[in-house]
Amino acid sequence: LGLPAVDDDYGPLSIDFSAPFPALASAALGKAESCYQAALSLAASEDERLETDWYGTIVRERRDGLKKATSATG
């Protein structure tokens with residue numbers, strides 16, 4: 001999709017947000033947003049079951065990185 005590899009667990013997000021993304025990449029970013037929304041409900045269930053907030057925090061951090069990318073791409 002023209003996006004660099006990103007590993008959220010072992011380093012900061014290093015995508016050049018000023019560079020335009022191909023249309024296919026932009027569509028994939030949009031689909032990822034809906035997947036993160038679904039993941040948030042699953043994370044909430046696990047957090048409640050295990051009495052933690054770890055799962056939801058991770059999903060929100062990754063979703064926020066995605067939002068950064070999509071807001072910069074237009």
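## Close-up views of a predicted two-helix model

**Figure 1. The side chains of Arg-49 and Glu-46 form a salt bridge, with 2.8 Å from N to O.** The model shown here and in the other views is predicted. Helix α1, which covers residues 23–50, contains both Arg-49 and Glu-46. The two residues are three positions apart, about one turn of the helix. Arg-49 is exposed, because its relative accessibility is 57% and the exposed class begins over 50%. Glu-46 has a relative accessibility of 27% and is therefore classed as partly exposed. A search of the whole structure gives two salt bridges; the other one is the subject of Figure 2.

**Figure 2. Asp-64 and Arg-63 are joined by a salt bridge between their side chains.** The N to O distance is 3.7 Å, which is within the 4 Å cut-off for a salt bridge. Asp-64 is partly exposed at 41% relative accessibility. Arg-63 is buried, because its relative accessibility of 14% falls under the 20% limit. Arg-63 belongs to helix α2. Setting aside residues up to four places away in sequence, Arg-63 touches Glu-33, Tyr-36, Gln-37 and Leu-40.

**Figure 3. Asp-47 is a buried acidic residue without a salt bridge.** Asp-47 is part of helix α1. The nearest side chain of opposite charge is that of Arg-60, at 5.2 Å. This distance does not meet the salt-bridge criterion, because the nitrogen must lie within 4 Å of the carboxyl oxygen. A polar atom of the Asp-47 side chain does lie 3.0 Å from the backbone nitrogen of Tyr-55. When residues up to four places away in sequence are not counted, the contacts of Asp-47 are Thr-52, Asp-53, Trp-54, Tyr-55 and Gly-56.

**Figure 4. Trp-54 and Tyr-55 make up the one aromatic pair in the structure.** The arrangement is edge-to-face, with 4.9 Å from centre to centre and 90° between the planes. Trp-54 is exposed, with a relative accessible area of 51%. Tyr-55 is partly exposed, at 33% relative accessibility.

**Figure 5. Tyr-55, in helix α2, touches residues that include Ala-43 and Glu-46.** Helix α2 spans residues 54–73. Apart from residues up to four places away in sequence, Tyr-55 touches Ala-43, Glu-46, Asp-47 and Leu-50. Of these, Glu-46 is also the salt-bridge partner of Arg-49, and Asp-47 has a polar side-chain atom 3.0 Å from the backbone nitrogen of Tyr-55. The C-alpha atom of Tyr-55 is 9.2 Å from that of Ser-45, and the two residues are 10 apart along the chain.

**Figure 6. Glu-51 has a positive phi although it is not a glycine.** The phi value is about 55°. Most residues other than glycine have a negative phi. Glu-51 sits in the loop between α1 and α2. The side chain belongs to an exposed residue, as Glu-51 has a relative accessible area of 76%.

**Figure 7. Leu-66 is a buried residue of helix α2.** The relative accessible area of Leu-66 is 8%, so the residue falls under the 20% limit for burial. Without its neighbours within four places in sequence, the contacts of Leu-66 are Leu-29, Ala-32, Glu-33 and Tyr-36. Glu-33 and Tyr-36 are also among the residues touched by Arg-63. The C-alpha atoms of Leu-66 and Gly-30 are separated by 9.0 Å, with these positions 36 residues apart in the numbering along the chain.

**Figure 8. The whole chain, given for context, has two helices and zero strands.** Of the 74 residues in the chain, 19% are buried; Arg-63, Asp-47 and Leu-66 from the views above are buried residues. Among contacts between residues at least 6 apart in sequence, 47% join residues at least 24 apart. The accessible surface of the chain is about 5,200 Å², and carbon and sulfur atoms account for 56% of this area.

Methods
Residues numbered from 1 in each chain as written. Predicted model: local features only at pLDDT ≥ 70, side-chain atom pairs only at ≥ 80, totals over all residues. Heavy atoms only, no water. Helix = DSSP H or I, 4+ residues; strand = E, 2+ residues; numbered from the N terminus. Buried < 20%, exposed > 50% of the residue type's maximum accessible area, 1.4 Å probe, protein only. Phe/Tyr/Trp six-rings, centres within 6.5 Å; stacked < 30°, edge-to-face > 60°. Lys, Arg positive; Asp, Glu negative; His and termini not counted. Polar contact = N/O pair within 3.5 Å; in protein donor to acceptor, adjacent residues only side chain to side chain. Contact = heavy atoms within 4.5 Å. Areas by Shrake-Rupley, 256 points an atom, 1.4 Å probe, with all protein chains shown as cover.
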